[in-house]
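Here is a short tour of a model you can turn around on your screen as you read. Keep the viewer open and follow along.

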Amino acid sequence: MSAAPRQRQVPDKPSLDGVEARWDRVWTDEGTYTFDRTKTRPEVYSIDTPPPTVSGSLHVGHVFSYTHTDAVARYQRMRGKAVYYPMGWDDNGLPTERRVQNYFGVRCDPSLPYEPGFEPPPEPPKQQISISRPNFIELCERLTSTDEKAFEDLFRRLGLSVDWSLVYATIDERSRRVSQRAFLRNLARGEAYQQEAPTLWDVDFRTAVAQAELEDREQPGAYHKLVFHRPAGAGDIEIDTTRPELLAACVALVAHPQDTRFQPLFGTTVTTPVFGVEVPIRAHELADPDKGTGIAMVCTFGDLTDVTWWRELNLPARSIIGWDGRILASPPEAITSESGLEAFARIAGKTVKQAQAAVVELLQESGELRGEIRAITHPVKFFEKGDRPLEIVATRQWYIRNGGRDPVLREALLARGRELRWHPEYMRHRYESWVAGLNGDWLISRQRFFGVPIPIWYRLDDEGVAIYDEPLVPDQSRLPIDPSTDVPDGFDAAQRGVPGGFMGDPDIMDTWATSSLTPQIGGYWQESDEAVAGLYERVFPYDLRPQAHDIIRTWLFSTVVRAHFDDDSLPWTDTALSGWILDPDRKKMSKSKGNVVTPLALLEQYGSDAVRYWSTSARPGVDTAFDEGQMKIGRRLAIKLLNASKFTLSLGPAGGDAVLSEPVDQAMVERLADLVGEATAAFDAYDYARALERTEAFFWDFCDNYLELVKGRAYGSQGDGPAASARAALEQSLETLLKLFAPFLPFATEEVWSWWRDGSVHTSRWPDEAALRHGADREVYRVATDVLGAARRAKTEARKSLRAAIESMVVSAPSADLARLALARTDVMESGNISSLDSAIGDELGTVVTLAPDPA
RNA sequence: GGGCGCGUAGCUCAGUUGGUUAGAGCGCUGCCCUUACAAGGCAGAUGUCGGGGGUUCGAGUCCCUCCGCGCCCA
């Protein structure tokens, strides 16, 4: 239902200046986008909004993808849904941590007790001050709150129809509580577990990282040919390795079981060069006969294949790399010879790079390096945020099962992917290939500080050694807790860290372990607060997860995992994937490449509607070039909408009993019904771009042709009845077009709406195709505009003004079209300034135009 | 190596299930101060639809193959 017509107030000079601030204030005051908590699940459309990382800077990518979601949200709201559209800020994690360290000059030491009222010095000190984790988190929150303000301002200016009363941050108390609660439930059901195992490790951040955070980078490397010795002078074996620095960690050689060159050697031993350690020769299918000399050395651990060999061949662990990425001070027990120990002393404490140079030197001295060192480039695994290659070290870590080690679970999660509706559809392949390729469970513990703590303590035995097998868990009513300051039930604070006492788990959870719960956080899952009782059931499973396609393997997948475990459900029915912004050279825009455009300047220059127009012109999922040209077009469209509306509304109202008596008006409205049908179907398929394109094309034609065709009649040139028909058609089409444009141009449409209607266009009902459809002959409109176009063309070709008079015009066309022309004759003659219009039967439309002579 | 997407006018892109002479905007050219709009309007020109082969009465659209670009996975 549309609001009742009222007195019109059309400005003399319509303008977009200041509309953003003005309407944002009205929408906030009126609660236009406030979620109606009385609505039941079928009446709700809920969105699991991506929380942007606020410690990064604003860029156009934010504007782009969030506008796509907002267009859908506005459409659903106009369809009568109570739209649940919260906003979250992702402030949890490494980027914030690094900023806080530099900004305040502090570092986190989780072993320290909380110091109430701690204030950092006004100037960051040269020597960083060590503070407790809760104090550190307080500073993180202080810094992120200003960043969050900037994001909110931007999103408000952009016109996102978010319910700003539903804001959360991924480090806030509620998020920590939800995150810990979900973890403890995973633990109780056996979906979370801890294990001491070889782990991919970033030596700079000094934390474990998960498979989802890896990326391969092509790196220079070099093959070194090393000589291993068979016993009793039986000869040497050459192996090629890119990591000679790990020679001291060598535990075996492996070759392929079918490789006849090495079959006789399986089960025998060799001694390593330099260090003189005896190691076995074993067979394994992962050994590649075509790589190097066909036989490889296994070290603990050079890469993930080493881990597989170590595990499947039951080899000993002989680690030499510490958490700081340096060679350990003391040698593995297996090195016993004097020369071996001396050699190890020469690499102890060195970085991997330095150690490699030292080992090469040792090999050269002993003559156990054969031939030249051959430079190659090869893919090396990095933490996506890291600068040095990952090492593999054995550590105790927490995991959540994700199907990487369990075919049954993997299949269940693949089935979830098939159950989910993807927009665009082909994005589901990303999910499938990722899940199919998982090679281990999800490692969620991080050896960092600014994050949600693992809510676990351990008893210490009489020697002060932690008993990991029997973790102490808090009662859920205590959540959130920080085990570095909170004390487990049955203990007192004095028992922390002493034999017979307890210790807190020092780790935090991976940021994705919290982000994977945005549906639960955003929906106030299991929160006891009266005000939110029953809310979760009204929004879950959500209708939509919008996000960028590059985080399908992290955010989307991990969210599916959590909901699968805790709700036995998909977290949402649909997901819409946005593309990236590319700079004009087709490169992904990113901060590190220095080609980021700040969005606020764009919003100021072109206006929010114009920037939204550019964003929503991009097809779902398609990477899109940054194009200010499109923003100029969007601005022109918004201004055109103001002007066309001003014209329409300045004609005066049609009157309550106006009838669409004229065939041209009926034909235009019939086409409008077609448009509504197309736009609705497009939105229902999440193709906002199509809805915009069709609406825009209709609108320009409407302005160029229909308005020109009926202008005179609407002013009253043909009498009251025909004028009322034109005005009624104009009012219907204006109202409809405003609604169709509202999801894209919320400010311009609201501005016009306010000239003649009460309430907000954004809470008005989406137009109804059936109500506009009367079965009129659309072709009347086509014939009339074709003839008008021919008249204009004749004038243009004669270099005359479009106002110039046509003395006579003869239209030839099939009889059916001539009959249609007759129905629009007066409008065509008036708008074309045609004195005499005749017709003749012909196969196709043709015109002969005689212009009036120029006035003397 | 496997998978997905893309390749259409100088540029950015639409082209639903195959159906007349392939579209839009920008840019370009020309005209017009027309009672909504000159930071505008009207009109015009512009294409071996990446190459080749096939199916069909008919292919930008379906099939095969090759080339180029991007991404995902291993």
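The report below covers aromatic pairs, the surroundings of the RNA strand, one helix and a few single residues.

## Aromatic pairs

Please keep in mind that this is a predicted model. It holds 34 aromatic pairs. Let us begin with Trp89 and Phe151: their ring centres lie 5.9 Å apart and their planes meet at 70°, so the pair is edge-to-face, the term used for planes over 60 degrees apart. The two residues come from distant parts of the chain, with Trp89 in strand β3 (residues 87-89) and Phe151 in helix α4 (residues 133-158), 62 residues apart. Trp89 has a relative accessibility of 3% and therefore counts as buried, since the limit is under 20%. Phe151, at 2% relative accessibility, counts as buried too.

A second pair to look up is Phe491 with Phe502. Here the ring centres are 5.5 Å apart and the planes are at 65°, so this pair is edge-to-face. Phe491 sits in the loop between β20 (457-459) and β21 (502-504), while Phe502 belongs to strand β21, and the two are 11 residues apart. Both Phe491 and Phe502 are buried.

## A cluster and two charges over rings

Rings also gather in a group: Phe35, Tyr84, Tyr536, Phe540 and Tyr542 make up one aromatic cluster. It is worth selecting these five residues together in your viewer.

Two arginines lie over aromatic rings. Arg174 is placed over the face of Tyr524, 3.7 Å from the ring centre. Arg757 has its charged end over the ring of Trp753, at 5.7 Å from the centre. Trp753 returns below, as one of the buried residues of helix α21.

## Around RNA strand B

Now for the nucleic acid. There are 34 residues around RNA strand B, and the nearest are Ile633, Arg690, Glu693, Asp704 and Tyr715. Of the RNA atoms that come within 4 Å of the protein, 75% belong to sugar and phosphate. By class, the surface near the strand is made of 17 charged, 10 nonpolar and 7 polar residues. Helices α10 (428-436), α17 (628-650), α19 (688-715) and α23 (779-797) each bring at least two residues to this surface. Which helix gives the most? That is α19, with 10 residues.

Some individual approaches are easy to find. A phosphate oxygen of RNA strand B lies 2.9 Å from a polar side-chain atom of Arg793. Lys711 has a side-chain N or O atom 3.2 Å from a phosphate oxygen of the strand. Cys703, in contrast, approaches a base: one of its backbone N or O atoms is 3.4 Å from a base nitrogen of RNA strand B.

## Helix α21

Helix α21 (residues 746-756) is mostly covered, with 10 of its 11 residues buried. Among them are Pro746, Phe747, Val752, Trp753, Trp755 and Trp756, and the list also includes Glu750 and Glu751.

What do these buried residues pack against? Their partners are α1 (19-30), α2 (60-78), α4, α16 (608-616), α17 and α20 (720-741). Two of these names have come up already: α4 carries Phe151, and α17 supplies residues to the surface near RNA strand B.

## Three residues up close

Glu830 lies in helix α24 (residues 815-832). With a relative accessibility of 34%, Glu830 counts as partly exposed. Beyond its sequence neighbours within four places, Glu830 is in contact with Gly712, Arg713, Ser717 and Gln718. With Gln718 there is a polar contact between the two side chains, at 3.3 Å. The C-alpha atom of Glu830 is 23 Å from that of Ile841, 11 residues apart along the chain.

Ser578 belongs to strand β24 (residues 572-578). Its relative accessible area is 7%, so Ser578 is buried. Leaving out residues up to four places away in sequence, Ser578 touches Ser65, His68, Gln547, Ala548, His549 and Gly621. Thr272, in turn, is in the loop between β12 (269-271) and β13 (278-283). Thr272 is buried as well, at 3% relative accessibility. Apart from neighbours within four places, its contacts are Phe228, Leu247, Cys250, Val277 and Val279. The C-alpha atoms of Thr272 and Glu368 are 9.7 Å apart, although 96 residues separate the two along the chain.

Key: Residues numbered from 1 in each chain as written. Chains lettered and ligands numbered in written order. Predicted model: local features only at pLDDT ≥ 70, side-chain atom pairs only at ≥ 80, totals over all residues. Heavy atoms only, no water. Phe/Tyr/Trp six-rings, centres within 6.5 Å; stacked < 30°, edge-to-face > 60°. Helix = DSSP H or I, 4+ residues; strand = E, 2+ residues; numbered from the N terminus. Buried < 20%, exposed > 50% of the residue type's maximum accessible area, 1.4 Å probe, protein only. Lys NZ or Arg CZ within 6 Å of the ring centre and 35° of its normal. Near = heavy atom within 4 Å. Polar contact = N/O pair within 3.5 Å; in protein donor to acceptor, adjacent residues only side chain to side chain. Nonpolar A, V, L, I, M, F, W, Y, C, P; charged D, E, K, R; others polar. Contact = heavy atoms within 4.5 Å.
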